[in-house]
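Work through the exercises below with the sequence and the structure open. Each task is followed by a solution in steps.

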Amino acid sequence: MTQSREISLCVPVLARVEGEGALDLEVHDGRIQTLRLRIFEPPRLFEKFLEGREYQEIPDMVARICGICPVAYQMSAVHAIEGVFGLAPGPWVRAMRRVFYCGEWIQSHSLHIHLLAAPDFLGCSSVSEMARAHPDVVRRGLALQALGNEIIRFFGGRSVHPVGARVGGFHRAPSRAEVAALREQVRAALPGAEALVAWTAALNLPDDPQDFVSVALRHQDEYPMNEGRIVSSDGLDIPIADYESHFREHQEPHSTALYAALDGRPYLVGPLARLNLNLDRMHTPVREALGRTGIAFPSRNMFHSIVARAAEIHYALLEANRLLEDYTEPEAPFVPAVPRVGIGYGCTEAPRGLLWHRYDLDAAGQVLHARIVPPTSQNQARMEADLRHSLETLGLDRDDETLRQQAEMVIRNYDPCISCATHFLKVRVERR
Amino acid sequence: MNPVRILGIGSPVAGDDLGWRLAEALEQAGLPRYFPAGVVHVTICDRPGSLLLPAMRGARLAILLDAMRSGALPGTVRRLDMLELDDSTGLLSSHGFGVAEALALGRALEDLPPRVLIYGIETGHVSSLPPPGDLAALLWPTIIDDIRVCMKEPGVVPLAMESKQKSGGASL
């Protein structure tokens, strides 16, 4: 008997997120014929907004692209612009930018683990329900998130769309007393972060290994944030300027978001890809904490992403603690820039993965052309491949509600910028 | 620790900044100075999400000012006790985790002030909204009453403030 049914999962538009998505699924004879994850990403418009703008305006403008990962946008932009100008901001700026980025990883990962992902694995419909059963876990998560926000505010002036970063460094250097007080908070949070690694690994995570290519930055001696070469689990190893030679974006009719492919294939960016490719760059206490979980990394189980996020929170706290030790106030918090014409590239590790920027500047430092490739569009093809695999593994004969829940869980696991919207996936079933 | 917190919630986006503009208008009009020093604190929050909880922690009364979309005329004010809040209220949210979700989480964690009031202000095109000063004047008497009720509770106003108040240090 030929079965034909169409399932449409619709995500409504959310204020401020401005993300919209839906999942179109067509099943014939027990097999998926069509699977389309439709995402609308208005942040693309920013590339056009940036044209004609002075280089000084760019860090504040790109911070507006995302309320959760503004530091990543700022860091990719300032590194690209400094590359054009031949500007080397020096060790103080380099170290403090890394702490700034640690703050973003801590807040973004804590938010995702506790407010979005963990309820899935505990059979809870929301974090509020989870909080009634696991109040101490949620309190710990909220405290970590708040500390991440505090670190961003420390350097950025505010935690949402921070304004403290500039080309050449920061607008202001914190005092030694301020740094000492922040470092105390960071140190106090370390035991909780270490415990979080074990807690995530003990969750009832589905065991569903898949074949995928991991892509991340790799630095000669650090876990990657602001610098490194682009590497893959398939052996790719290129400078960031060569990104466009290997990665292609293309448009699909059903989505305003571009799809990115590595040599024509989907790939994964984000915490699991980073950890898979950079486990040896983790601080020893994190490697030991991961070792105690019994999970072998590199992992092919996409659901180990939540463990990777916890490990990166632990790492970010250790790294911030290390970088803030023996802090000294610089003579100036930035190096002055002298504009010049050229093309610059910036590629940093946003909480959700590789964030690649390219700027073409004129002699006055005005933007002639900008290109921004965010992690969510890079993961979009991988998400579709995962959805196809996961729904078929689950069984397409399952009822619509079960399929919807599985699809939501798979999408949320990638922490896309519309991740919160997937909480509101609505199922409209049309049977023919 | 201020026993009464007034929090304007929103973002810099025109229309969504209504809670901010209202909070600023109330402060500029002198609302905190209407009460003994240290009792009322006015601040703005940029899409706080779950961080709304620490922003309210320790208060006896939190008054949240937030933009709302419910289909009413722009500028319409709806006053709600947190116990009345549900998904149909129409308060605008950030990344799916807005005021309603933060309050639900706070209830689950027993981490909320004894009283939380929400003033939802219907937003719309900027040109169709009354000036923030007019909206603040509209809210003024109700918010003053809310704070007075809170201040009558024992322990809300520290003893030192009470004696100053009795000696005419503040106009109540």
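**Exercise 1.** In this predicted model, find how many residues lie between E12(A) and E13(A) in their hairpin, and state the phi of A:Gly365.

Solution.
- Step 1. Locate the two strands: E12 of chain A covers residues 353–361, and E13 of chain A covers residues 367–373.
- Step 2. Look at the connection. Five residues separate the strands of this hairpin, and A:Gly365 in the turn has a positive phi of about 85 degrees.
- Step 3. Check the pairing. E12(A) and E13(A) run antiparallel and are joined by six bridges. Within this pairing, A:Arg358 has A:Arg371 in E13(A) as its bridge partner.
- Step 4. Consider the surroundings of E13(A). Five of its seven residues are buried, that is, the strand is mostly covered.

**Exercise 2.** Decide which strands of the chain B sheet stand at the edges.

Solution.
- Step 1. Write down the strand order. The open sheet of chain B reads E2-E1-E3-E5-E4, with mixed pairing.
- Step 2. Count partners at the ends. E2 (40–46) and E4 (77–81) of chain B each have a single partner strand, so each has one side without a neighbour in the sheet.
- Step 3. Add the twist. On average, neighbouring strands of this sheet are turned by 20 degrees against each other, direction ignored.
- Step 4. Examine one pair. E1 of chain B (residues 4–10) is parallel to E2(B), with seven bridges. B:Val4 stands opposite B:Val40 in E2(B).

**Exercise 3.** Find which strands of chain B are crossed by helix H1 and which by helix H4.

Solution.
- Step 1. Set out the elements. Chain B holds five helices and five strands, in the sequence pattern β-α-β-α-β-β-α-β-α-α.
- Step 2. Take H1 of chain B (residues 18–28). This helix lies across E1, E2, E3 (61–68) and E5 (115–122) of chain B, at about 155 degrees to E2(B).
- Step 3. Take H4 of chain B (residues 132–151). This helix lies across E1, E2, E3, E4 and E5 of chain B, at about 155 degrees to E3(B).
- Step 4. Add a figure for the whole chain: 53% of the 172 residues in chain B are buried.

**Exercise 4.** Identify where in chain A the pLDDT is below 50 over residues 8–19 or under 50 over residues 419–432, and say how the coordinates should be read.

Solution.
- Step 1. Start with the average. Chain A has a mean pLDDT of 88, and 90% of its residues reach 70 or more.
- Step 2. Turn to residues 8–19 of chain A. Their pLDDT is below 50, and the model gives this stretch 50 contacts beyond near neighbours in sequence.
- Step 3. Turn to residues 419–432 of chain A. Here pLDDT stays under 50, with 49 contacts beyond four places in sequence.
- Step 4. Apply the general rule. Predicted coordinates should not be read in detail where pLDDT is low.

Conventions:
Residues are numbered from 1 along each chain as its sequence is written. Chains are lettered from A and ligands numbered from 1 in the order in which they are written. This is a predicted model: local features need pLDDT of at least 70, side-chain atom pairs count only at pLDDT 80 or more; totals for chains, interfaces and linings use all residues. Side-chain values use heavy atoms; hydrogens and water are left out. Helices (H or I, at least four residues) and strands (E, at least two) are DSSP runs, numbered from the N terminus. Buried means under 20% relative accessible area, exposed over 50%, partly exposed in between (1.4 Å probe, protein chains only). Two strands pair if DSSP finds at least two bridges between them. pLDDT is the predictor's confidence in each residue, from 0 to 100. Contact means heavy atoms within 4.5 Å. Axes are lines fitted to C-alpha atoms, for helices over the stretch in contact, and angles run from 0 to 180 degrees between N-to-C directions.
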